[in-house]
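Q: How does one start to read the helices and strands of a protein model? Please take the features in turn.

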Amino acid sequence: MGYPSMGASIFMDVPFFFAPLCHIGAVRSRRGYRVPTAGRAARPAGGPGGGPMPRGPRRPSASDLYHVVARGNGRQIVFEDDGDRTLFMALLRRELTRQGGELLAWCLMDNHVHLLLSVPFDCLSDTVREVCGAYAESFNRRHGRVGSLFQGRFGSEPVESETHLLDVVRYIHRNPVKAGMTEGCSYPWSSYDAILDSFYGGEPGPVAHLFDSDEEYVRFHRYVDVSPHMGLECRGGRFSEEDAREVAEGVLDVAPHEVGALPRAKRDDRIARMRAVGLSVRQIERLTGVGRGIISRVKYAK
């Protein structure tokens with residue numbers, strides 16, 4: 001779902017309430033980033049019969065910007081307390097310094113992490129593996145557990161356009177809202193507050209440079225995005241079964257299983273939201289319990 005077009009803004013599709021944002025080119029000249037203006041690269045086709053394919057090689061980003069997602073093995077908790085979170089962030093910043101990378105946005109949830117990294121492609125896997133490996137070893141020792149802490153392979157998507165960059169920042173910062181942990185994006189274990197504070201003093205980072213004011217930054221995060229830029233696996237137009245629930249929860253204001261009990265107009269609106277972000281009729285049926293005949297008849301914006 002794109003944003004309504006607005007005037008002479010460098011973005012062709014920004015929220016209607018935006019004043020023009022500053023050029024990301026200005027960020028490139030100061031920070032060395034190379035975010036292209038073209039849209040995202042085409043996704044690979046699905047596997048035989050239209051099903052999901054096995055994971056292929058990671059795709060490099062011309063901008064050296066990546067949205068990284070690392071999940072707990074079997075969705076288990078990876079942070080028991082603030083001591084764990086502090087350790088993870090210390091390990092991450094140390095490794096990024098060593099690799100010459102930078103952390104642009106982040107959020108630590110209970111059982112997964114979202115990171116927006118600027119790092120050379122040939123350093124991406126080593127950086128994330130080193131951080132997660134060192135953290136898992138410390139976590140297991142500290143809490144007296146054994147075995148793998150993180151799911152086998154972390155997820156990554158290259159950030160290939162200005163709109164995609166903004167989508168990822170907002171998606172990362174809205175994770176606690178989506179999970180019902182906060183009413184707004186202010187959350188102690190994300191970069192939202194630190195970026196907001198940079199408007200009042202100090203040197204604004206590359207994300208803050210995309211906004212003309214703190215008010216713009218706050219308003220932008222209130223706009224609920226239902227675009228497909230979510231850092232989740234979507235191949236051949238299909239989300240994996242593993243990611244389908246998270247996608248649904250990201251665009252709904254009720255639990256998926258509660259959709260069927262809503263009045264018809266509200267039910268159909270929630271179904272339309274799920275269809276618009278790429279969930280299949282079968283996935284929506286499984287998540288909501290609503291019959292596929294009803295789901296198929298719901299009109300939605302493609």
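**Helix H2 and the sheet**

A: Take helix H2 of this predicted model. The buried residues of H2 are Asp84, Arg85, Phe88, Met89, Leu91, Leu92, Glu95, Leu96 and Gln99. They lie on the same side of H2, because the arc they cover around the axis is only 165°.

Q: Why do residues three or four places apart in an α-helix point the same way?

A: An α-helix has 3.6 residues a turn, so residues at that spacing point the same way.

Q: Which exposed residues does the face of H2 turned away from its buried side carry?

A: That face carries Arg94, Thr97 and Arg98. As for the buried residues of H2, their cover includes S2, S3 and helix H3 (121-143).

Q: What span should the 18 residues of H2 have, at 1.5 Å a residue?

A: H2 (residues 82-99) should span 26 Å, and this agrees with its end C-alpha atoms, which are 26 Å apart.

Q: What is found at the two ends of H2?

A: At the N-terminal end, Asp81 acts as a cap: one of its side-chain oxygens lies 3.1 Å from the backbone nitrogen of Gly83. After H2 comes Gly100, with a positive phi near 75°.

Q: How do strands of a sheet pair?

A: Strands pair through backbone hydrogen bonds, and the pairing is either parallel or antiparallel. Here four strands form an open sheet in the order S2-S3-S1-S4, with antiparallel pairing. S2 and strand S4 (155-158) are the edge strands, each pairing on one side only. On average, neighbouring strands of this sheet are turned by 15° against each other, direction ignored.

Q: Where do H2 and H3 pack?

A: H2 packs on the sheet and touches S2 and S3; its direction makes about 160° with that of S2. H3 also packs on the sheet, touching S1, S3 and S4, and its direction makes about 30° with that of S1.

Q: How many bridges join S3 to strand S1 and to strand S2?

A: Seven bridges join S1 (residues 65-71) to S3, and six join S2 (residues 102-108) to S3. On the S1 side, Tyr66 stands opposite Leu117. On the S2 side, Cys107 stands opposite His114, and Ala105 has Leu116 as its bridge partner. S2 and S3 form a hairpin, with three residues between them.

Q: Are the residues of S3 buried or exposed?

A: Seven of the seven residues of S3 (residues 112-118) are buried. His112, His114, Leu116 and Ser118 point one way, while Val113, Leu115 and Leu117 point the other way.

Notes: Residues are numbered from 1 along each chain as its sequence is written. This is a predicted model: local features need pLDDT of at least 70, side-chain atom pairs count only at pLDDT 80 or more; totals for chains, interfaces and linings use all residues. Side-chain values use heavy atoms; hydrogens and water are left out. Buried means under 20% relative accessible area, exposed over 50%, partly exposed in between (1.4 Å probe, protein chains only). Two strands pair if DSSP finds at least two bridges between them. The expected span of a helix is 1.5 Å times one less than its number of residues. The arc is that of the directions from the helix axis to the C-beta atoms. Contact means heavy atoms within 4.5 Å. A polar contact is a pair of N or O atoms within 3.5 Å; within protein, one must be able to donate a hydrogen and the other to accept it, and residues adjacent in sequence count only if both atoms are side-chain atoms. Axes are lines fitted to C-alpha atoms, for helices over the stretch in contact, and angles run from 0 to 180 degrees between N-to-C directions.
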